[in-house]
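Subject: Structure handover

Hello,

Here is the structure we spoke about, with my notes below it. Please read them beside the coordinates.

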Amino acid sequence: MDYSQFFSAALNRLHDERRYRVFADLERIAGRFPHALWHSPKGPRNVVIWCSNDYLGMGQHPKVVGAMVETATRVGTGAGGTRNIAGTHHPLVQLEAELADLHGKQASLLFTSGYVSNQTGISTIAKLIPNCLILSDALNHNSMIEGVRQAGCERQIFRHNDTAHLEELLIAAGPDRPKLIACESLYSMDGDVAPLSKICDLAEKYGAMTYVDEVHAVGMYGPRGGGIAERDGVMHRIDVLEGTLAKAFGCLGGYIAGNADIIDAVRSYAPGFIFTTALPPAICSAATAAIRHLKTSSWERERHQDRAARVKAILIAAGLPVMSSDTHIVPLFVGDAENCKRASDMLLEEHGVYIQPINYPTVAKGTERLRITPSPYHDDGLIDGLADALLQVWERLGLPLKQKSLAAE
C-alpha cells in the first residue's frame, strides 16, 4: 500500500482551498526590530515585521538577552529532563515565584508553551472536579478547546462575550452542580475584550469556578503588566489565570497561576506537565528579567498603545477596512482566502512588508484578514510606509476601500 497518497491528498486539499501555509524564512537581528532579514528565493532582503506577537520587542531587550546569556554561560543549556527526574533548577523556581506575584496568586506552574498550559491545565482541573460542567466562550483559542475536549466532561458553549447567555446556562445547570467558566481576556483575532467583571459576578452568584486566558494581555495591560484582569481590578476574583512568556515577555513557555492547592493538584496529576522536559534555565532567567522589567517600566506599554492608535488612525484615514478593535490588535478585513494570501505575498515581495494572512480555520470563512500588531519600535515613517504599501496592494487586487475620512484630506 502506498501510504504517501493519503498525505499528498491531504496537502492537495489545502492547496485547493487556498489554505496551504507557507512560512517566511526570517532572521531577526537584536537591536534592529522590527527590521529583519528575509531569506527570499532571490536572496536576502530587508523587511519590516508587522505581525509579531513579541508585542513589546522584549525578545531583544538588553536585560532579557543578558540574563539568558549569563545563565547559559553559568549553568549550561538544558534542564536535564522532567522535573520529576531532574529536579527543578533554581531559575525556574524564581520564575514561578515571579509569575505568582505578577497575578497576586499563591502559586504558579510553568509549562513548555501557552498551548500546553491550556490543554493540560483545563483538562486536569475539570477532571479533578466530579460531574464538572465546562462553560466555554464560542471564540476560545484552539488550545482551550482541546483542553475542554480532553477533560471528557459535559461542555456547553456560550455566545461570544454574551453574559446573558452565560447566565442562562448557569441557571439551567443548577446551584449544586460544579461549573467551570473558561474564557480569554483579550481575543487576538478581533482585538475585543471579555467583560471579566460581569463574568466574575455571575461566577460568584451561581457558584462557578473561573479560568481566564490572558496570553495576549500579560505584560501589556495593568499597572504592572498583570493583564486585563489587573487593569479591570478583578484579578483577585479569578480562580485560575493562564498566560504565556512567548508574547509580551519575548521568551518561551506558558503557565497557570492560582491558589496553592489548585496548582499543586495540577502539578501532581497533569500528564502534560509530569512527562515533559522542563524549560531550560536560560529561558527561565530571560523571562524573569522581562517580567521584572515590565512590572516597573510603563514606557513600553504606553508607547505600544500610542503606536497602535496611530496605525489605526492612519489606515482608517486612508480608507482601508480596519475592523473595530479597542486593543493593540489591528485587523484589516479582506474577506477572501485567495486575496488575503495574494495581498500578503505582494506586501512582502514588492514592499518589504511582512504580514501573514489569517485564513480559515483560525478565523471563519469569509472573514479572512491581515492582522497587524504594531510595536513600540514602529516609528511614524514605518507606519506611513505601511499605509502606502497597503493602498497600492488594495488597488492592484481591486479590493474595496471605505470612504476616506476628513483627516486624510
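E146 and R149 form a salt bridge in this predicted model, with 2.6 Å between the closest N and O atoms. Both residues sit in helix α6 (residues 142–151), 3 residues apart, which puts about one helical turn between them. An α-helix has 3.6 residues a turn, so residues three or four places apart point the same way. E146 is buried, at 17% relative accessible area, while R149 is partly exposed at 46%.

The count of salt bridges comes to 23. Two others are worth setting out, since they join separate elements.

The first is D101 with R224, where the N to O distance is 3.0 Å. D101 belongs to helix α4 (residues 90–102) and R224 to the loop between β10 (208–213) and α9 (228–231), so the bridge ties together parts that are 123 residues apart in sequence. D101 is partly exposed, with 39% relative accessibility, and R224 is partly exposed too, with a relative accessible area of 27%. This pair also belongs to a network of salt bridges that links E98, D101, R224, R292 and K295.

The second is D380 with R307, whose closest N and O atoms are 2.7 Å apart. Here helix α15 supplies D380 and helix α13 (residues 299–317) supplies R307, so parts 73 residues apart in sequence are tied together. R307 is buried, with a relative accessible area of 5%, whereas D380 is partly exposed at 36% relative accessibility.

Helix α15 itself covers residues 380–397, which makes 18 residues. From its first C-alpha to its last, α15 reaches 26 Å, close to the 26 Å expected at 1.5 Å a residue. At the start of α15, a side-chain oxygen of D379 comes to within 3.1 Å of the backbone nitrogen of G381. The buried residues of α15 are L382, I383, L386, A387, A389, L390, V393, W394 and L397. After α15 comes G398, with a positive phi near 70°.

Next, the sheet. Four strands form an open sheet in the order β1-β2-β3-β14, and the pairing is mixed. β1 (26–28) and β14 (353–354) are the edge strands, each with a single partner strand, so one side of each has no neighbour in the sheet. β1 and β2 (residues 35–40) run antiparallel and are joined by 3 bridges. Within this pairing, E27 stands opposite L37 in β2.

The loop between β1 and β2 holds P34, and the peptide bond joining F33 and P34 is cis, with omega about 15°. Another cis peptide bond joins Y360 and P361, with omega about 10°. P361 is in the loop between β15 (357–358) and β16 (369–372). You may want to keep both bonds in mind when you set up the model.

Which residues other than glycine have a positive phi? N131 is one of them, with phi near 60°, and N161 is another, also with phi near 60°. N131 lies in the loop between α5 (114–127) and β5 (133–137) and is exposed, with a relative accessible area of 53%. N161 lies in the loop between β6 (154–158) and α7 (163–173) and counts as partly exposed, at 21% relative accessibility.

Last, the surface. M1, Y3, F6 and F7 make a nonpolar surface patch of about 560 Å². M1 is placed in the segment before α1 (4–16) and is exposed, with a relative accessible area of 77%.

Regards

Conventions. Residues are numbered from 1 along each chain as its sequence is written. This is a predicted model: local features need pLDDT of at least 70, side-chain atom pairs count only at pLDDT 80 or more; totals for chains, interfaces and linings use all residues. Side-chain values use heavy atoms; hydrogens and water are left out. The expected span of a helix is 1.5 Å times one less than its number of residues. Buried means under 20% relative accessible area, exposed over 50%, partly exposed in between (1.4 Å probe, protein chains only). A polar contact is a pair of N or O atoms within 3.5 Å; within protein, one must be able to donate a hydrogen and the other to accept it, and residues adjacent in sequence count only if both atoms are side-chain atoms. Two strands pair if DSSP finds at least two bridges between them. Patches are made of residues with over 30% relative accessible area and no salt bridge: like charges are joined within 9 Å, nonpolar side chains (Val, Leu, Ile, Met, Phe, Trp, Tyr) within 5 Å. Accessible areas come from the Shrake-Rupley method with a 1.4 Å probe; for residues, only the protein chains shown count as cover. A salt bridge is a side-chain nitrogen of Lys or Arg within 4 Å of a carboxyl oxygen of Asp or Glu.
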